[in-house]
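Visitor: I would like to hear how the terms used for this model are justified. Please go through them one at a time.

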Amino acid sequence: MPEAWWKERVFYQVYPRSFQDSNGDGIGDLRGIISRLDYLKSLGVGAVWLCPVYDSPNADMGYDIRDYEKIMTEFGTMEDFDELLHELHSRDIKLVMDLVVNHSSDEHRWFAESRSSRDNPYRDYYIWRDGKDGREPNNWASFFTPSAWSYDEGTGQWYLHLFSEKQPDLNWENPSVREEVYAMMNRWFDRGVDGFRMDVITVIAKAPELPDGTGAPGSGGYVFSPEHFAFQPKLHEYLREMRRRCFNGRNCMCVGETSFVTTENANSLVGDGRELDLLFQFDIMDMDGEGSKWNAIPLDVPKLKQIIAAWQGAIDWNTLFLGNHDQPRVVSRFGDTSSCELWKRSAKCLATLMYLQRGTPFIYQGEELGMTNAPFETREQLRDVEELNLLALCKGETELERAWRGIKAKGRDNARTPMQWSAGKNAGFTTGEPWIMLNPNYTWINAEAEEGDPDSVLNYYRALIALRNGTPALLRGDWRELLPESEQVVAYARELESEEYTVLCNLSGEIAELPFTLSEFGEPVLSNMPSDPTAATLCPYQALVLKRS
Ligand code: ISL
Ligand code: CA
């Protein structure tokens, strides 16, 4: 039996707005992506996760969909989309679409109907309630705004939005909503797409009575209440129905953005019932926040190791990632950008420790160049609704300063500055005015410069991906932790039949002592710096993959 394709391929996440502009309007587009497919092929990726390209007013950069079956005008046309799909497939690269069905845009036709009157047939496509004593129906906080409810003057009721007020939640209890969603997904499958990344899929079912949350009140006294909207019993019913109606009988995959997943409940999604093929867990992404995403606590290597071991043990097949369009740049966050040498070495080290684990790698665009957080200084430079809402809520200088610290370290715009293709005008991203500022370091961090440098982060990613793609033990082998006690080194073995590989990564700025010499684990097959086989130490951020022969 061949393994499922989504286990054997490396995924690459494209954020279209910032990947490549083809017509000089400063906004990345589908034709831009088409022009860069040979680059993706040369990297060794086998699948693309394409962030939303549907028609959208962009209140949340495409995660607010106005029409699920139309391409955003700025990105191109359906013909461009078909060509992109064709060009990907002709290079043996699969296409996985990002789909947002927890909510739509408030400008979606369904919502326009829904809010038009209480007895409109679409009223029940969304979640409407009467207020309580002139206030919101319950105390829920939203991810992006203080309250999760907005009042509609026209019909005198409130609608639920777990994200911005321009992202009303769809009512999954309503069978017509589910039918519409499944039919739409099937039309995309019939067009030829190979799967979906399902946005915040674990919050589609809400506790029927929408009870008040009981946690600690946050801004405005509202309570963030995932106990009433994440992993509700109905979630599994809906996902099984979706599996039956859309995925069965197709060679397509589904990866869920499974906010609030834990090692305890994960198998309810990807275990034997197989509601999803893959899931994204956020334990690593949340580990430096401690309760608030805006905190930036320095990397705790033992904690990272615990998370990795827990997840490798919890489910058969993980997703392997260090960032995405909602996260800061990985090398700024977990690596060391204090010198050029350490920037490069730590970027390679992080990739090595993550992508050779058992699971499917997901690389976020620009990561393979070692792109870093951007030096945002003013509100005018920011584009992200989450960052702008955070600033809007600040009272006084101290709060503003704290918010800015958070935005610089953790803000989502860090990952959304344009791809750095060259040292030329606007990094080769656009001939016009880019929609968001470029990171000024594009003059030396860029694909063209790295292409010609055998020691570059880019060429290291190529070697790493080629190694994984060509090595059965790294694709399918068991994962076994090594050196669990080390507070600096992430180490593990991958084994399949008689093949054994050892991965050793010193994720600290100090030399790490090892209880063995490197040669005991065989010959190096990949490393980010020269190594002495007789040594029993690893340099700061040294990464080494050894093969036992
Ligand atoms: O980035 C976050 C806020 O800091 C996350 O909590 C994020 O909102 C959450 O993971 C859900 O993300 C997804 O849905 C959002 C969208 O803004 C994100 O871009 C998307 O990845 C709403 O659709
Ligand atoms: Ca464009």
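Visitor: What makes Y159 the bridge partner of S150 in β8?

Guide: In this predicted model, DSSP pairs S150 with Y159 of β8. Strands are DSSP runs of E, at least two residues long, numbered from the N terminus. Residues are numbered from 1 along each chain and ligands from 1, in the order written, with chains lettered from A. Local features need pLDDT of at least 70 and side-chain atom pairs 80 or more, totals for chains, interfaces and linings use all residues, and side-chain values use heavy atoms, without hydrogens and water.

Visitor: How do you know that β7 and β8 pair?

Guide: Pairing requires at least two bridges found by DSSP. Four join β7 to β8 (residues 157-160), and these strands run antiparallel, so they count as paired.

Visitor: Why is the sheet β6-β8-β7 called open?

Guide: Its three strands, paired antiparallel, stand in that order. β6 (128-129) and β7 (149-152) are at the edges with a single partner strand each, so one side of each has no neighbour in the sheet.

Visitor: What makes the approach of K293 to ligand 1 a polar contact?

Guide: A polar contact is a pair of N or O atoms within 3.5 Å. A side-chain N or O atom of K293 is 2.8 Å from an oxygen atom of ligand 1, so the pair qualifies. For H325 the distance to a ligand oxygen is 2.9 Å, and a polar side-chain atom of H103 also lies 2.9 Å from one.

How values were computed: Polar contact = N/O pair within 3.5 Å; in protein donor to acceptor, adjacent residues only side chain to side chain.
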